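Reader: I'm new to this one. Could you walk me through it, one question at a time?

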Amino acid sequence: MQRISLGASSDRPAPRLRTLKLRHRREEKSRRGVSVVNAAQADKQATQRTEVEHLLKTFSTQKQLEGGVLKIRSLEGKDINNGVALLASAFESTLQSKPTVLVKKLLLQCLTEVPGGVCLVAELSSEGDPNDVEQTLVGIVALSFTPSTREADVPIPCPDSATYLSSMAVAANQRRRGIASHLLMACEELLQAIGGVDIWLHVQMEDQSARSLYTSAGYADQATEPTSFFFKNRPRKILMQKVLREGSNALTWANEEVPES
């Protein structure tokens with residue numbers, strides 16, 4: 001009897017169908033690989049943020065002063081009232097003066113915005129007795145790592161990814177003891193510990209004392225606020241920067257969204 005050929009076996013896919021299935025498998029494998037990478041990146045970034053947040057909240061260092069020890073540490077809730085009084089007194093009768101309620105809001109934000117920003121405070125103790133701390137703070141400074149945690153509408157803003165220093169003040173009866181310089185060094189110590197590369201700040205052109213402090217600490221002018229026809233009487237500002245190390249900024253977590261898994 002003559003056999004009739006029916007062509008390709010029905011249980012074997014056609015060449016085109018096999019190609020489509022192989023492509024689908026490769027695409028599915030690729031998607032799984034991307035998902036795994038994204039999950040790993042998200043975990044790494046979350047771990048880094050947690051570590052940085054802990055360091056920002058617990059940072060502490062001591063500096064030796066003549067006749068005492070200066071402890072510089074992260075702002076705590078108990079410091080709010082004394083911090084408000086210190087900032088209000090330091091900037092009283094200046095164009096940088098702000099209502100007490102706004103100063104308090106600034107310090108409260110410093111507590112809640114970690115790791116987007118942090119405040120450091122300085123307190124003085126008698127030499128030989130580091131636990132004998134005065135009730136009032138002698139210094140304060142703020143650092144911000146994201147644009148959302150710094151003042152908006154600045155004529156010459158620093159780069160978005162930069163660390164920005166502001167609101168530095170020293171108690172009037174403790175000035176000329178090197179406290180401001182120690183605050184700057186503490187900021188640099190903290191920033192290097194979390195992988196930052198530089199610090200930016202603004203200073204008024206007419207404030208020769210502050211400009212001298214920053215220049216001697218290694219800060220360099222980067223830009224000068226142009227003269228404004230509408231604000232002729234407002235002091236112009238200079239944008240300054242200090243480079244702490246060469247290389248890429250490790251604070252990418254501050255300005256990037258955590259990848260979705």
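Reader: Let's start with cysteine 110: is it buried or exposed?
Author: This is a predicted model, so keep that in mind throughout. Buried means under 20% relative accessible area. Cysteine 110 has a relative accessible area of 9%, so it falls below that cut-off and counts as buried.

Reader: And cysteine 158, buried or exposed?
Author: The relative accessibility here is 8%. Because the cut-off for buried is under 20%, cysteine 158 counts as buried.

Reader: How many disulfides are there, by this rule?
Author: A disulfide is a covalent bond between the sulfur atoms of two cysteines. To count here, a pair of cysteine sulfur atoms has to be within 2.5 Å. By that rule, the number of disulfides is zero.

Reader: Valine 118 touches Cys110. Which strand is valine 118 in?
Author: Valine 118 counts as buried, at 3% relative accessibility. Beyond four places in sequence, its contacts include Leu56, Ser74, Cys110 and Leu190, and also Val141, Ala142, Leu143 and Phe145. From valine 118 to phenylalanine 145 there are 27 residues in sequence, and 8.7 Å between the C-alpha atoms. The strand that holds valine 118 is S3, residues 117-126.

Reader: What separates the C-alpha atoms of valine 141 and methionine 168?
Author: Valine 141 sits in strand S4, residues 139-144, and is buried with a relative accessible area of 1%. Among its contacts beyond four places in sequence are Val118, Leu165 and Met168. Valine 141 and methionine 168 are 27 residues apart along the chain, yet their C-alpha atoms are separated by 4.1 Å.

Reader: Which residues have the most contacts inside the largest nonpolar core?
Author: That core has 38 residues. Helix H4 (residues 179-193) gives the largest share of it, eight residues. There's also a second, separate core of 16 residues, which includes Ile80, Leu87, Leu107 and Ala169. Back in the largest core, the residues with the most contacts are Leu165, Met168 and Tyr214.

Reader: Which tyrosine does leucine 165 touch?
Author: Leave aside residues up to four places away in sequence. Leucine 165 then touches, among others, Val141, Leu184, Cys187, Ile199 and Trp200. The tyrosine it touches is Tyr219.

Reader: How many aromatic pairs does the structure hold, and how are the planes arranged?
Author: There is one aromatic pair, made by tyrosine 214 and tyrosine 219, with 5.9 Å centre to centre and 65 degrees between the planes. Tyrosine 214 counts as buried at 9% relative accessibility, and so does tyrosine 219 at 4%. Planes over 60 degrees apart count as edge-to-face, so this pair is edge-to-face.

Reader: What is the order of the eight strands in the open sheet?
Author: The pairing in this sheet is mixed. S1 and S7 (220-224) stand at the edges, because each has a single partner strand and one side left without a neighbour in the sheet. Neighbouring strands are turned by 25 degrees against each other on average, direction ignored. The order runs S1-S2-S3-S4-S5-S6-S8-S7.

Reader: Which glycine is in the turn between S1 and S2?
Author: S1 (residues 60-65) and S2 (residues 68-74) pair in the antiparallel sense over six bridges, and glutamine 64 has valine 69 as its bridge partner in S2. The side chains along S1 alternate: Thr61, Lys63 and Leu65 point to one face and are buried, while Ser60, Gln62 and Gln64 point to the other and are not. S1 and S2 form a hairpin with two residues between them, and the one in the turn with a positive phi of about 85 degrees is glycine 67.

Reader: At what angle does H4 run to S5?
Author: H4 lies across S1, S2, S3, S4, S5, S6 and S8. Helix H2 (residues 80-90) lies across S4 and S5, at about 85 degrees to S5. For H4, the angle to S5 is about 150 degrees.

Reader: Is arginine 176 buried or exposed?
Author: Arginine 176 is found in the loop between S5 and H4, and it has a positive phi of about 65 degrees although it is not a glycine. Exposed means over 50% relative accessible area. At 85% relative accessibility, arginine 176 therefore counts as exposed.

Methods
Residues are numbered from 1 along each chain as its sequence is written. This is a predicted model: local features need pLDDT of at least 70, side-chain atom pairs count only at pLDDT 80 or more; totals for chains, interfaces and linings use all residues. Side-chain values use heavy atoms; hydrogens and water are left out. Rings of Phe, Tyr and Trp (its six-membered ring) pair if their centres lie within 6.5 Å; planes under 30 degrees apart count as stacked, over 60 as edge-to-face and the rest as tilted. Buried means under 20% relative accessible area, exposed over 50%, partly exposed in between (1.4 Å probe, protein chains only). A nonpolar core is a set of buried Ala, Val, Leu, Ile, Met, Phe, Trp, Tyr and Cys residues joined through side-chain atoms within 4.5 Å. Helices (H or I, at least four residues) and strands (E, at least two) are DSSP runs, numbered from the N terminus. Contact means heavy atoms within 4.5 Å. Two strands pair if DSSP finds at least two bridges between them. Axes are lines fitted to C-alpha atoms, for helices over the stretch in contact, and angles run from 0 to 180 degrees between N-to-C directions.
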